[in-house]
Amino acid sequence: MSDTPFGFGLPPEEPEDGDEGKQKDPQSGGGQGPANPFGFGLPGAGGPGGDNPFAAMFGSLNPTDLGAAFQQLGQMLSYEGGPVNWDMAKQIARQTVAQGTPDGVKDASIGPAGRSAVQEAVRLADLWLDDVTSLPSGAASAVAWSRAEWVEATLPAWQELVDPVAERVGTAMGDVLPEEMQAMAGPLIGVMRSMGGAMFGSQIGQAVGVLAGEVVGSTDVGLPLGPAGRAALLPANIEAFGKDLGVPRDEVRLYLALREAAHQRLFAHVPWLRSHLFGAVDGYARGIKVDTAKLEDVVGQFDPQNPEQLQDALQQGMFQPEDTPEQKAALARLETALALVEGWVDAVVHAAAKPRLSSADALRETLRRRRASGGPAEQTFATLIGLELRPRRLRDASRLWASLTDARGVDGRDALWAHPDMLPTAGDLDDPDGFVHREQMDFSELDKMLGEAAGKPDLTKGPDQGGQQSDVSGEDAPGKGDGGKGDGTE
């Protein structure tokens with residue numbers, strides 16, 4: 001990821017324009033000449049206002065670009081939607097993708113051969129996974145995406161994840177002024193909120209655009225970002241991922257297809273899981289407080305001609321998780337849920353790949369190091385919602401799932417996904433062996449008691465689940481006694 005994933009240092013949308021700009025005389029007025037009549041300075045040119053976000057978004061501001069520049073400025077100031085200007089986010093993400101990755105690899109449409117290779121890899125991956133998990137295939141289709149297609153397909157999920165944090169900033173902007181001043185400052189607050197939505201849109205668009213150059217599938221961050229039931233791989237990024245590994249290209253693609261197909265099985269057949277994960281993100285985000293003292297300084301000194309003040313404020317520690325037991329519990333729930341998903345996928349994929357791929361161990365360790373050194377998931381979450389995942393949790397979770405397989409078998413292990421209360425806790429990740437070998441509760445007697453109380457012998461439809469029920473819960477119900485959690489519910 002970029003060191004400044006929320007920065008505004010974007011080139012013009014088309015690479016040809018950017019190349020043309022580089023050929024211009026850098027001494028033509030130091031950014032103050034006719035090509036830059038507003039004196040904003042060009043990104044990286046060292047002139048006045050070199051870091052100005054308008055200059056970055058509008059490129060070189062040559063006369064042919066001015067119409068589009070003012071149109072974009074008008075859209076920014078007139079935005080009246082939600083807390084994030086998602087139209088701007090999409091535009092900037094597409095611009096970032098068009099720029100290409102730092103190694104010079106440009107985005108490109110996927111040809112028939114590439115699509116066929118992905119479909120075949122996912123088909124074979126599903127066959128292998130049948131031997132190591134009781135969850136059936138969750139991929140109704142397999143697709144090969146370009147980076148731009150990944151952006152288009154995942155933006156709705158990013159909106160669901162990011163809006164809660166952005167909403168807190170928008171609310172804080174309206175609360176920092178005294179009540180008697182808010183009526184008089186109404187227009188200014190409206191402008192600030194529009195600018196805040198634009199700034200968030202720019203930041204998120206840049207982050208998503210950079211991430212599109214790194215991810216290899218639709219579930220790389222441990223969340224279902226794409227449409228349900230659609231396994232997706234990005235051939236260009238898979239090529240870059242395996243470039244220096246010394247592993248045959250087909251094996252790299254197949255191993256990553258195994259991970260994508262495993263994620264799809266989990267999210268397709270554990271229907272409460274998506275809402276559980278997204279709800280954990282939302283719960284954590286609602287415990288993030290905005291530094292109102294810093295925001296008050298920004299509001300008091302806000303200059304419409306110097307809008308980058310808001311940009312700086314958003315980047316310099318305005319978000320602070322509340323140091324409360326509730327917020328700590330929300331963070332633990334989120335980290336544990338993400339670790340359990342990634343740990344299960346890691347364990348299942350390794351079980352499927354180890355007997356068949358000579359490179360299974362090397363690919364597994366490469367992906368683990370990628371996460372530990374700040375891969376897409378860790379950096380994106382840290383940037384967008386102030387959450388830093390701990391790779392140690394992923395290793396602990398993987399070891400726990402592997403131990404559960406040895407102790408309880410595949411069916412007993414996967415039966416734990418029947419309900420969130422049956423899953424290991426953060427404390428269990430600290431002591432996975434203790435959880436695995438803990439005396440298991442006999443759920444049959446509890447089923448009978450609750451069934452008699454409810455008038456029907458069906459434990460699977462608890463009061464907190466309503467009518468929404470997993471196919472997996474029904475299939476695994478007879479084996480719950482083997483896979484139940486030893487200490488009951490939390």
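**Entry 1: H10 against H15**

I began where two helices touch. Glu 251, Val 252, Tyr 255, Leu 256 and Arg 259 of H10 meet Ala 360, Leu 363, Arg 364, Leu 367 and Arg 371 of H15. I sorted this contact of H10 with H15 by class and got six nonpolar, no polar and four charged residues. The model I am reading is predicted.

Next I looked up the geometry. H10 covers residues 249-269, and its packing angle with H15 is about 65 degrees. The axes of H10 and H15 lie 11 Å apart. I noted the crossing of H10 and H15 as right-handed.

**Entry 2: the chain as a whole**

I stepped back for an overview. The protein chain has 22 helices and four strands. Its length is 490 residues, and 50% of them count as buried. I then checked how far contacts reach along the sequence. Among contacts in the protein chain with a separation of 6 or more, 78% join residues 24 or more positions apart.

**Entry 3: H14 against H15**

I returned to H15, this time with H14 as its partner. H14 spans residues 325-353 and H15 spans residues 360-372. They pack at about 165 degrees, and their axes are 10 Å apart. At that angle H14 is roughly antiparallel to H15, because angles over 145 degrees count as such. This crossing is right-handed.

I listed the residues on each side. H14 brings Glu 342, Asp 346, Ala 347, His 350 and Ala 353. H15 brings Ala 360, Asp 361, Arg 364, Arg 368 and Arg 371. By class, the contact of H14 with H15 holds three nonpolar, one polar and six charged residues.

I compared this list with my opening one. Ala 360, Arg 364 and Arg 371 of H15 appear in the contact with H10 and also in the contact with H14.

**Entry 4: H11 against H14**

What angle do H11 and H14 make where they pack? I read about 145 degrees, with the axes 9 Å apart. H11 runs over residues 272-286. The crossing of H11 and H14 is left-handed.

I wrote down the contact residues. From H11 they are Leu 273, His 276, Leu 277, Ala 280, Val 281, Gly 283 and Tyr 284. From H14 they are Gln 327, Ala 330, Leu 331, Leu 334, Ala 337, Leu 338 and Val 341. The contact of H11 with H14 divides into eleven nonpolar, three polar and no charged residues.

**Entry 5: the nonpolar core**

I looked for the largest nonpolar core and found 96 residues in it. Those with the most contacts inside this core are Trp 150, Leu 273, Leu 277, Trp 344, Trp 401 and Trp 417. H14 supplies the largest share of the core, 14 residues. In soluble globular proteins, nonpolar side chains tend to be buried together.

I followed Leu 273 further. Its contacts, leaving aside neighbours within four places in sequence, are Leu 266, Phe 267, Val 341 and Trp 417. Val 341 of H14 was already on my list for the contact with H11. Trp 417 is one of the core residues with the most contacts.

**Entry 6: Ser 218**

Is Ser 218 buried or exposed? Ser 218 has a relative accessible area of 2%, so it is buried. I placed Ser 218 in the loop between helix H8 (186-212) and strand E2 (230-233). Beyond its neighbours within four places in sequence, Ser 218 is in contact with nine residues that I list here: Trp 145, Trp 150, Leu 223, Leu 225, Gly 226, Arg 230, Ala 232, Glu 260 and Gln 264. Trp 150 also figures among the core residues with the most contacts.

**Entry 7: three helix residues**

I looked up Phe 200 in helix H8. Its relative accessibility is 4%, so Phe 200 counts as buried. Its C-alpha atom is 7.3 Å from that of Ala 166, with their positions 34 residues apart along the chain.

Then I moved to helix H6, residues 147-175, which holds Glu 167. Glu 167 is partly exposed, because its relative accessible area is 41%. The C-alpha atoms of Glu 167 and Ala 285 are 9.8 Å apart, though the two are 118 residues apart along the chain.

Pro 164 is also in H6. At 16% relative accessibility, below the 20% limit, Pro 164 counts as buried. From Pro 164 to Val 281 I read 8.9 Å, C-alpha to C-alpha, across 117 residues of sequence. Leaving aside neighbours within four places, Pro 164 is in contact with Asp 282 and Ala 285.

Notes: Residues are numbered from 1 along each chain as its sequence is written. This is a predicted model: local features need pLDDT of at least 70, side-chain atom pairs count only at pLDDT 80 or more; totals for chains, interfaces and linings use all residues. Side-chain values use heavy atoms; hydrogens and water are left out. Axes are lines fitted to C-alpha atoms, for helices over the stretch in contact, and angles run from 0 to 180 degrees between N-to-C directions. Angles under 35 degrees count as roughly parallel, over 145 as roughly antiparallel, 65 to 115 as roughly perpendicular and the rest as oblique. A crossing is left-handed if the near helix is turned anticlockwise from the far one by less than a right angle, and right-handed if clockwise. Contact means heavy atoms within 4.5 Å. Ala, Val, Leu, Ile, Met, Phe, Trp, Tyr, Cys and Pro count as nonpolar, Asp, Glu, Lys and Arg as charged, and the others, Gly among them, as polar. A nonpolar core is a set of buried Ala, Val, Leu, Ile, Met, Phe, Trp, Tyr and Cys residues joined through side-chain atoms within 4.5 Å. Buried means under 20% relative accessible area, exposed over 50%, partly exposed in between (1.4 Å probe, protein chains only).
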